[in-house]
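Work through the following exercises with the sequence and the model at hand. Each task is followed by its solution.

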Amino acid sequence: MSNWRVASETGVLTEVLVCPPDHYRWIPTNSIVRRTLSEARQGPALPHLQAQHAELVAALEQGGARVHRLTPAPHLPYMVYTRDSVVVTHQGPVLCQLERPQRRGEYATLIDFHAARDSAFWKKSDAGTLEGGDIHIIRPGLALIGHSGGRTDEAGAEQLAGWLRAEGWDVRLEAFDEHFLHLDVLFCMAAPGLAVACVEVLDDGFLSWLKQHGIRCLPVSYRDAMALGCNIIALGRDRVVSAAGSTALNAALRAEGITVLDPDLSLFTLGGGGPHCLTCPLAREEETP
Ligand SMILES: NC(=O)NCCC[C@H](N)C(=O)O
């Protein structure tokens, strides 16, 4: 039986789910990839995709995580962004409800993956739409759920918030424009009390809320955020995976004393997803302060 639990974005990552990019291609589902498609002469080549994905897996394993893999399917090119279909909480996995028709079928592979490992879903989203890229389990008892209507909508966000609030959690719902795709394009946790954020875009009320909760932000520009320069995954113990292309942010993180593992993920960031989107944490260990 797999008893997967995640109570924060910054605990030590011990188990993580990815999907090999065997069938990855760019399809026009978001503003970032639409620009890519308008500029690219040809789509990404499989050996190049595999080499970049292997760099990501190597970074996760270097960080000490056990990497699990989904079985990719030809008709689900974006299943490589494993963040979105399931979010694992302190009570176990929650099955999300994807908005884009091109991605809805991912639920079947995820149900099979968890069933095969005797991993029971805590909840299944069935109100509106809910995508993992909009959900931040910030720390035990504190969560943030973005809703743009483009992916997660208010009904989907409210349903997850209700489940967490019934557990005594403090949950903030944050509205943002669907141009930004997912909230993890604009905001991610790096370490306890330290986030990376596109502060020029995020609302003042949200930035004050972060401050009130003792979370400091390293700023990322709009231009960098739209190249997934804000989209990182924390490995715990002051280590993160951040794309090699995010040079300004990586320098700022290192100046904070954070260890940055930086795989080249350019072919995936051009599709609208970076290290945070390409990974679904299955288990993290919380460190006692
Ligand atoms: N969490 C994320 O931001 N996921 C990236 C999803 C990108 C994918 N191309 C999509 O449009 O759904």
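**Exercise 1.** Which residues is L186 in contact with, leaving aside its neighbours within four places in sequence?

Solution. Two residues are in contact if their C-beta atoms, placed from the backbone, lie within 7 Å. With neighbours within four places left out, L186 is in contact with F176, F180, A197, C198, V201, L202, A225 and C230.

The model is predicted: local features need pLDDT of at least 70, side-chain atom pairs count only at pLDDT 80 or more, and totals for chains, interfaces and linings use all residues. Residue numbers start from 1 along each chain as its sequence is written.

**Exercise 2.** Place L186 in the largest nonpolar core.

Solution. A nonpolar core joins buried Ala, Val, Leu, Ile, Met, Phe, Trp, Tyr and Cys residues through C-beta atoms within 7 Å. Buried means that 20 or more other C-beta atoms lie within 10 Å of the residue's own. The largest core has 88 residues, and L186 is among those that touch the most other members, together with A190, A195, V196, A197, C230 and V240. Strand 9 (residues 187-191) gives this core its largest share, five residues. In the whole protein chain, 51% of the 289 residues count as buried.

**Exercise 3.** What is the strand order of the open three-stranded sheet?

Solution. Strands are DSSP runs of E of at least two residues, numbered from the N terminus, and two strands pair if DSSP finds at least two bridges between them. The order is 3-4-5, with mixed pairing. Strand 3 (86-89) and strand 5 (123-124) each have a single partner strand, so one side of each is without a neighbour in the sheet. Strand 4 (residues 92-95) pairs with strand 5 in the parallel sense over two bridges; K124 in strand 5 is the bridge partner of L95.

Conventions: Buried ≥ 20, exposed ≤ 12 C-beta atoms within 10 Å, placed from the backbone. Helix = DSSP H or I, 4+ residues; strand = E, 2+ residues; numbered from the N terminus.
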